[in-house]
Number of protein chains: 2
Amino acid sequence: MDRLIEAIEQKDNPSVVGLDPTPALVPPQVILAQDGFAEPKEEQNGTHGMDWSGETPAAQIVTGFYGFNRAIIDAVKDLVPAVKPQIAMYEAYGSVGFDVYCLTCQYAQSQGLYVLGDIKRGDIGSTAAAYAKHLTGVNSLDGDINGHPWHEDAITVNPYFGTDGMTPFLDAAKQSDGDIFALVRTSNPSSAEIQELELAGGERVYEHVADLVEGWGADSIGKYGYSRLGAVVGATHPEQGRELRARMPHTFFLVPGYGAQGGTAADVAGMFDSSGRGAIVNSSRGIIGAWKRSGEYSESMTSQEALDLVARSARAAAVAMRDDLRKALQS
Amino acid sequence: MDRLIEAIEQKDNPSVVGLDPTPALVPPQVILAQDGFAEPKEEQNGTHGMDWSGETPAAQIVTGFYGFNRAIIDAVKDLVPAVKPQIAMYEAYGSVGFDVYCLTCQYAQSQGLYVLGDIKRGDIGSTAAAYAKHLTGVNSLDGDINGHPWHEDAITVNPYFGTDGMTPFLDAAKQSDGDIFALVRTSNPSSAEIQELELAGGERVYEHVADLVEGWGADSIGKYGYSRLGAVVGATHPEQGRELRARMPHTFFLVPGYGAQGGTAADVAGMFDSSGRGAIVNSSRGIIGAWKRSGEYSESMTSQEALDLVARSARAAAVAMRDDLRKALQS
């Protein structure tokens, strides 16, 4: 987790921008202009062995996501240490969507950002080993690593399978100087149904998962006292987050749920440690959808004018979030 | 679940072949011949915006998977009702891997097989809605569905998020005449660490999840008494599987862990209902890796000779599994 912690300290900003584009969050002229890809248009509309040939408005949407993401990245790259692309938003579009996801990660890394791939994968050991290639890349038949499509510094994982489902991810994180974040207490309203169940010993399921996560990370603790295995803890559970901070002293938190989902800076303040470290707070819609609340958008804008508004609004929202978090952490 | 049940009855065979290729499970000459794709070679090696251009042994591997899968599908399509491609094995290779996954699903459907995409996705509601496009396809800006890359009849999902993470998948299953399977009791050795935790009320976590799953499916029960929401229950837990069969009368089971993971036909027999319905049993390595145990393989074989051996061995293993299950269900 050292690289992430140092990136946060360099920007003095424990926030991460979620790159979760949807057709509703991207100005339509950006999609219609389809100027996201650097490649020639024939390449963008390549069949990929699938249904995208000919008239391809759906592929055009995800292609537009790339131009949108690049505008956001350029607007915030000097402010924030990290971005968190949500792979589901790209996966919805099939293979071409993954091209856009990977290109987004690659571009963000090239601009000096730490890329947290929000993929929430999890499976039995042999299958988890395949998912762990997100961090390590894939080998040729003679064992050389020669394919590295993903460009992620960290990924999120689901711990429901227990130790043997986690080990391949932990090994991959060590091998790649990367990190992973396991789901512990998610931000969504129904999350209590399983995560807050009371166990026979009196603790809750998420507390038991927290103890497992703290234990799994124990042999990868870095120079700031945090292991390569972080935990996802929703901003919507401030009291539980505060307790988990004490319960998991070597586990860094990824905190979703700030902003659009209702979490405030005061809610997340307790998830940091006494030196102001220990957590990074995500906002997705609050940053990338800020242009919609600006009152400045018009359908008559060109694609470039719309992207400029997206960038300007995202930057202002990222500054406001940074200052909001700084203030809450100082008080 | 009606379509799956009818496919099972038509073949009189409650088994599904897991298409989980790895470099170790595919004869090397099949990969080196790279004759899997129907498209011209330039198209196979397209850059996909990534690292695959030029010398691409890693992309060649996953391209070889397609020829391998097609040989397996052709060999078993008159015997088994369904195949279950494990997406992780393809995802390891990035975008081109998804091309191979989608082509595999498409080919299997074209041969009359029910395709169960083993994707184990799960997230908060807005993100789950994006993953649910696996079943429904994606819309153009004007709302028409015009992109349908995945070619899956059903998918597996992770229920850790609770109701609001499940609802988009349930809606998508209804909309697409498809099915979903939620993880309840997985087959791997460490699965007990979370799934078997004892709750304050005396039941286990997986039993509580089972009750949630049975409830979530209640409004999609089909003509055979099973809902569109099935459960993943490992063959490695025969007693728990038997109890879950009684506890979840309207929930169809996908049973992994037969064969290579140690589950036997006797172990899974209790997961069927009194009319011999209610479950489908998966074998992956036991079928697709059967050629390795045949004693007939030689490195001097041509790619076609190796594929013929793969097909012949897979067919024999699929027949043996079918007969093994039939016998256990009759006794």
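What follows is a short conversation about pockets and aromatic rings in a predicted model.

Guide: Welcome! In this predicted model local features need pLDDT of at least 70 and side-chain atom pairs count only at pLDDT 80 or more, while totals for chains, interfaces and linings use all residues. Residues are numbered from 1 along each chain as its sequence is written, chains are lettered from A and ligands numbered from 1 in the order in which they are written, and side-chain values use heavy atoms, with hydrogens and water left out.

Visitor: Which element gives the most to the lining of the largest pocket?

Guide: A pocket is an open set of points on a 1 Å grid over the protein atoms alone, where a 1.4 Å probe fits, with protein on both sides within 12 Å along at least five of seven lines; lining residues have an atom within 4 Å of a point. The largest pocket has a volume (the space filled by probe spheres set on the points) of about 600 Å³. Of its 40 lining residues, those closest to the centre include Ser126(A) and Asp20(B). With 4 residues, the top contributor is helix H7(A), where helices are DSSP runs (H or I) of at least four residues, numbered from the N terminus.

Visitor: How are Phe98(A) and Trp150(A) arranged, and what is the pair called?

Guide: Rings of Phe, Tyr and Trp (its six-membered ring) pair if their centres lie within 6.5 Å; planes under 30 degrees apart are stacked, over 60 edge-to-face and the rest tilted. Here the centres are 6.0 Å apart and the planes stand at 85°, so the pair is edge-to-face.

Visitor: Is Phe98(A) buried or exposed?

Guide: Buried means under 20% relative accessible area, exposed over 50%, and partly exposed in between (1.4 Å probe, protein chains only). Phe98(A) has 0% relative accessibility, so this residue counts as buried.

Visitor: Which residue of chain B forms a stacked pair with Phe98(A)?

Guide: The two rings lie 3.5 Å centre to centre, with 5° between the planes. One ring sits in helix H6 of chain A and the other in helix H6 (residues 95-110) of chain B, so the pair joins two chains. The partner is Phe98(B).

Visitor: Over which ring does the charged end of Arg245(B) sit?

Guide: A charge sits over a ring if NZ of Lys or CZ of Arg is within 6 Å of the ring centre and within 35 degrees of the ring normal. The charged end of Arg245(B) is 4.1 Å from the centre of its ring, which belongs to Phe253(B).
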